[in-house]
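Here is a short tour for the bench, going from the inside of the fold to its outline. Keep the 3D view open as you read.

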Amino acid sequence: MVNTQVILIGIGGATCSGKTTLAKHLRKILPNSVIVHQDDFAPPQELIPIHPMYNVQDWDSPENAIDWRRFRQFLENVKQDGRIPLDHISHDPLNEQKEFPITAECYAKWRSHFEEVERRAREDHGIEIAWALVDGFLLYWDQGSMDQLDICVFLRVQHDTLRERRRERDYYIADGSVWRDPPLYWEHIVWPGYVTAHKDMFENGDVESGRPTGDKMRGMLVLENEKMSTTEVVDRCCKEIAAFRVFPQDEDSQHNA
């Protein structure tokens, strides 16, 4: 009998930091892999609270931007068999995304590596490996969600770059309508929400240049991906994934690609 082992890979970071781009490259590289988009677990628009000071809906408040109970339960279910339910509807395909290709050499090297990992798992250990890539702008705020992740990656991009990228984006929300930021929404809502959710992860609460600190950051791969090519980001993440001990009982099961 073949048992399924599902490995959850978290990809966190601010809005427009490159999370989904990275997740989609890894999905092509990792056999038997799926993506869970945290954005799909935003509450219905009518449940998003109005900011008490700025009188606009606050889609970035860590407490209210995600239906945390539903998100945690979804991760638990995916962890069982590595599958996305057929009735789950994602709005990600509606979002416009630019292409950031990687080199053919990078893709071929890592695809071959993980195909071999999958083969050895099945033939030598009777294990079917499934990979679930979980991307989210609040992925590391809720400890209950974070505890389910096996590998954690954080993409850190500077404020000004994020702001300019955000200005070029529209978003589809839970009811399928398009959200466009009102004036000063970045300054009043988006950036303060990001800082609130992540300040405990970096020294002195400095999310731009502070050193990673605290229990959340233990074992987490932090990439300053603004300074890296997409190929470099994917390659570094694949090295991190390859180092994960899929077979704890087999010291020699992981090898460097």
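The largest cavity has a volume of about 50 Å³. This is a predicted model, and the structure holds 1 cavity of 30 Å³ or more. Which residues line the largest cavity? You can pick them out in your viewer: Ala 14, Thr 15, Asp 60, Phe 137, Leu 138, Val 190, Gly 193, Tyr 194 and His 198. By character, this lining divides into 5 nonpolar, 3 polar and 1 charged residue.

Next, have a look at the sheet. In what order do its strands lie? The 5 strands of this open sheet run β2-β3-β1-β4-β7, with parallel pairing. The edges belong to β2 (33-37) and β7 (221-223); each has a single partner strand, so one side of each is left without a neighbour in the sheet. From one strand to the next, the twist averages 20°.

At the β7 edge, the partner is β4 (residues 151-155), and the two strands pair in the parallel sense over 3 bridges. One place to find this pairing is Leu 155, whose bridge partner in β7 is Leu 223.

Two helices that pack on the sheet can be set side by side:

| Helix | Residues | Strands touched | Angle between directions |
|---|---|---|---|
| α1 | 19-29 | β1 (3-13), β2, β3 (127-136) and β4 | about 165° with β3 |
| α2 | 68-81 | β1, β2 and β3 | about 140° with β1 |

Helix α1 thus has β4 among the strands it touches, while the strands listed for α2 are β1, β2 and β3.

Now zoom out to the whole chain. How many helices and strands does the protein chain have? There are 7 helices and 7 strands. Along the sequence they follow the pattern β-α-β-α-α-β-α-β-α-β-β-α-β-α. The radius of gyration of the protein chain is 19 Å, close to the 18 Å that the globule rule gives for 257 residues, so the chain is as compact as a globular protein of that length. Its C-alpha trace spans about 60 × 40 × 35 Å along the principal axes.

Conventions: Residues are numbered from 1 along each chain as its sequence is written. This is a predicted model: local features need pLDDT of at least 70, side-chain atom pairs count only at pLDDT 80 or more; totals for chains, interfaces and linings use all residues. Side-chain values use heavy atoms; hydrogens and water are left out. Two strands pair if DSSP finds at least two bridges between them. Helices (H or I, at least four residues) and strands (E, at least two) are DSSP runs, numbered from the N terminus. Axes are lines fitted to C-alpha atoms, for helices over the stretch in contact, and angles run from 0 to 180 degrees between N-to-C directions. Contact means heavy atoms within 4.5 Å. On a 1 Å grid over the protein atoms alone, a cavity is a set of points where a 1.4 Å probe fits but cannot get out, and a pocket is an open set with protein on both sides within 12 Å along at least five of seven lines; lining residues have an atom within 4 Å of a point. Grid points are joined across faces, edges and corners, and a volume is the space filled by probe spheres set on the points. Ala, Val, Leu, Ile, Met, Phe, Trp, Tyr, Cys and Pro count as nonpolar, Asp, Glu, Lys and Arg as charged, and the others, Gly among them, as polar. The radius of gyration is taken over C-alpha atoms; the globule rule is 2.2 Å times the number of residues to the power 0.38.
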